[in-house]
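Please open the model in your viewer and keep the sequence panel beside it. The tour below moves from one selection to the next.

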Amino acid sequence: MFINANDPTKKSWVHIPKNSDFPIQNIPFGVFLTREDIITIGTRIGDTVVDLGAMHQLGYFDGIPLTEDIFLQDTLNDFISDGKKTWRLVRNRINEVFDIGNNSLQNSEDHKSIILFSLDEIDMQLPVQIGDYTDFYSSKEHATNVGSMFRDPENALMPNWLHIPVGYHGRSSTIVPSGTPVHRPIGQTMPKGSENPIFGPSRFVDFELEMAFITTDANTMGESIPIDEAEGYIFGMVLFNDWSARDIQKWEYVPLGPFLAKNFASSISPWIITLDALEPFRTSAVKQDPRPLPYLSQEGEHSFDIQLEVDITTEKGVSTTISKSNFKYMYWTMAQQLAHHTSNGCKVNSGDMMGSGTISGPTPDSYGSMLELAWQGARPITLNDGSERKFIQDHDTVTLRGFCERNGLRIGFGEVSTKLLPVFNSRT
Ligand code: CA
């Protein structure tokens, strides 16, 4: 189905910098705080932020069935609950209003002064109230690498891995937007060669290069979502840095999986890029062998060609790109993850967040974590200032970026950038 807002020939009357992630074909959704301490739902075109609450009050969404206060809220949950038909109508309308041929807002200085903001006038917030967060483990390369290091290279993948999109229930209370610093966690670890565990600051703090998708109300308790319908319940995607403490993880994860090694922080990019905006960048997923069971089988293109990269910036401001990967390397698709998640009748709500799992590519420069890039410390990475890293140091900033590019059209996610601070209350 052709989506009007995706027309690659459209141009906007708003200035769009070269290589911007946010052309008029993107139209992401987010929540921002103004200088007057007003929280509102918005979108972004180029480097201009648009107050959708003000647009709605001024009549720009007339004819679309929306409640009056749908954008005057501090989360997108209610809008996401309205469903895909409404998301599409709103996105198409924004695209029309900002089209270079449309004079309605373009010629109204009064309205523009109310609706438009520059980036330095606003602060981005968490876009949704995340009720539940699930983290999958769906990159075959990542699962193989971690299985090789933590267990046995000969049996790196567990027997279930090729049949089930393996995942665990995470914790949503410590998911924060880009720009929010994160403290090095304290925890229990078993140092190599030691006979007794110790308690103290994690020594192996790591990032995980992931993406996450956000769902709408998908089902009632007991009902499963068929795989062919699953994409219709996905609102959009964000970049996701699932901070991890590898020494805590290694000691605690058997038999019930990750716990305190993961739930001290996860960072997301603040703009949700809709699945509609990603339509032009569909691609085939990794070939699955053995063929999944029928409830997980699908035909066609169900992955997306999203280029990803990771930078470390040191305290003195020197940046180094340490990994380049791609979302298309995922073995299990989002539709398979959501179909599996609800196959037992588990209820999924508006604003739920599902992490992809670390996205590692096939080559060592495309691995999605320090654990793999530096291979548990055996191959330290040299940064552009000459310093070495095995894991993330205090005062390092980790930045994930992602964008799609095809036939001259670029749709991006912006970035999620997070500084690691020393342990909480530490004086160092
Ligand atoms: Ca993870």
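Begin with the largest pocket of this predicted model, which has a volume of about 830 Å³. A pocket here is an open set of points on a 1 Å grid over the protein atoms alone, where a 1.4 Å probe fits, with protein on both sides within 12 Å along at least five of seven lines, and lining residues have an atom within 4 Å of a point; the volume is the space filled by probe spheres set on the points, which are joined across faces, edges and corners. Select Tyr137, Val166, Gly167, Tyr168 and Pro258, which are the closest to the pocket's centre of the 37 residues that line it. Next colour α5 (140-150), which gives the most to this lining, with 5 residues; helices (H or I, at least four residues) and strands (E, at least two) are DSSP runs, numbered from the N terminus.

Now turn to strand β26 (residues 409-421), where 10 of the 13 residues are buried (under 20% relative accessible area, 1.4 Å probe, protein chains only), so the strand is largely enclosed by the rest of the structure. Add strand β25 (residues 397-406), which pairs with β26 in the antiparallel sense over 9 bridges (pairing requires at least two DSSP bridges), and find Thr399, whose bridge partner in β26 is Ser417. Then select strand β9 (residues 182-183), which pairs with β26 in the parallel sense over 2 bridges, with Leu421 as the partner of His183.

Residues are numbered from 1 along each chain as its sequence is written. Local features need pLDDT of at least 70, side-chain atom pairs count only at pLDDT 80 or more, totals for chains, interfaces and linings use all residues, and side-chain values use heavy atoms, with hydrogens and water left out.

Conventions: Buried means under 20% relative accessible area, exposed over 50%, partly exposed in between (1.4 Å probe, protein chains only).
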